[in-house]
Amino acid sequence: MTGDKSTYERIEGVEVGQYVSYRFFKVDPAWRRLPVDEREAGKDAFAEVVEDFTGRMEGLRAYNVSGIRPEADFFLWQITERYDDLLELGAALNGTPLAGWLSTPHSYLATTKPSVYTDKKRVRQGKVIPRDAPYLVVYPFVKVRPWYFLTFEERADAMREHAEVGGKFVTVTNHTTYSFGIDDQEFMPAFECEEPADFMHLMLTLRETEASRWTQQDTPIFVGARAPIRSVLAALDGAEARVTS
């Protein structure tokens, strides 16, 4: 065994897709009682790591969820063709002073592949290409096991109806990725949108489709507001709010 990955013939002969990860962070409330200069130094070091890796990965975006979900303050949407980028980013962030005050209540891993249910070119390519909408809705998804015992035609019909409904909501862009065997969930749906309420109306309509009958899990749901990492970190202790006031 040489360790050279290029010497291995991969299953199905398909190329490696993108690895897509969503890592959530929660700050210890005691951190907010530290002196301002210590908090600023910790945020600066954390932001510098994120900014450095932004140039090394296909996608690295920060989202604020402060004051929305009680178990998280912000999350990172990470996209790369190199799995080790995720490990290296995690290690680099762990080396910052702020990391000692952060917990990770949720962390999800998925990868891309072409969809077998659609001919839409963007989806068939099996590639996540963010459009930088102001909001991102993300959640883990699992289907009930009997779904996989339906014929392909039955599943395709259900997914075709699902896609037709989704296509009517033009302000919402779907970036579903796959987690079979590499994380606890089966899929990681992620939706960029202009307004969170737009996504609510989409999901309400999808509840009436055949595919919805086969859902086992689609929570917890996070609605993140996209912002530069320094602005996201400033929300941890209200730094920008203090400056504004």
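Guide: Contact means heavy atoms within 4.5 Å. This is a predicted model: local features need pLDDT of at least 70, side-chain atom pairs count only at pLDDT 80 or more, and totals for chains, interfaces and linings use all residues. Residues are numbered from 1 along each chain as its sequence is written, and side-chain values use heavy atoms, with hydrogens and water left out.

Visitor: Of the contacts with a separation of 6 or more, what share joins residues 24 or more positions apart?

Guide: The count covers the protein chain and takes contacts with a separation of 6 or more. Residues 24 or more positions apart account for 78%.

Visitor: Which element gives the largest share of the largest nonpolar core?

Guide: A nonpolar core is a set of buried Ala, Val, Leu, Ile, Met, Phe, Trp, Tyr and Cys residues joined through side-chain atoms within 4.5 Å. Buried means under 20% relative accessible area (1.4 Å probe, protein chains only). The largest core has 24 residues, and F46 is among those touching the most other members. Elements giving two or more residues include β1, β2, β3 and α2, but the largest share, five residues, comes from α1.

Visitor: Which residue of β13 is the bridge partner of Y63?

Guide: Strands (E, at least two residues) are DSSP runs, numbered from the N terminus. Two strands pair if DSSP finds at least two bridges between them. Strand β2 (residues 59-64) pairs with β13 (residues 222-227) in the antiparallel sense over three bridges. In β13, the partner of Y63 is R226.

Visitor: Which residue in β13 stands opposite Y135?

Guide: Strand β6 (residues 135-138) runs antiparallel to β13, joined by four bridges. Opposite Y135 stands A225.

Definitions and conventions
Buried < 20%, exposed > 50% of the residue type's maximum accessible area, 1.4 Å probe, protein only.
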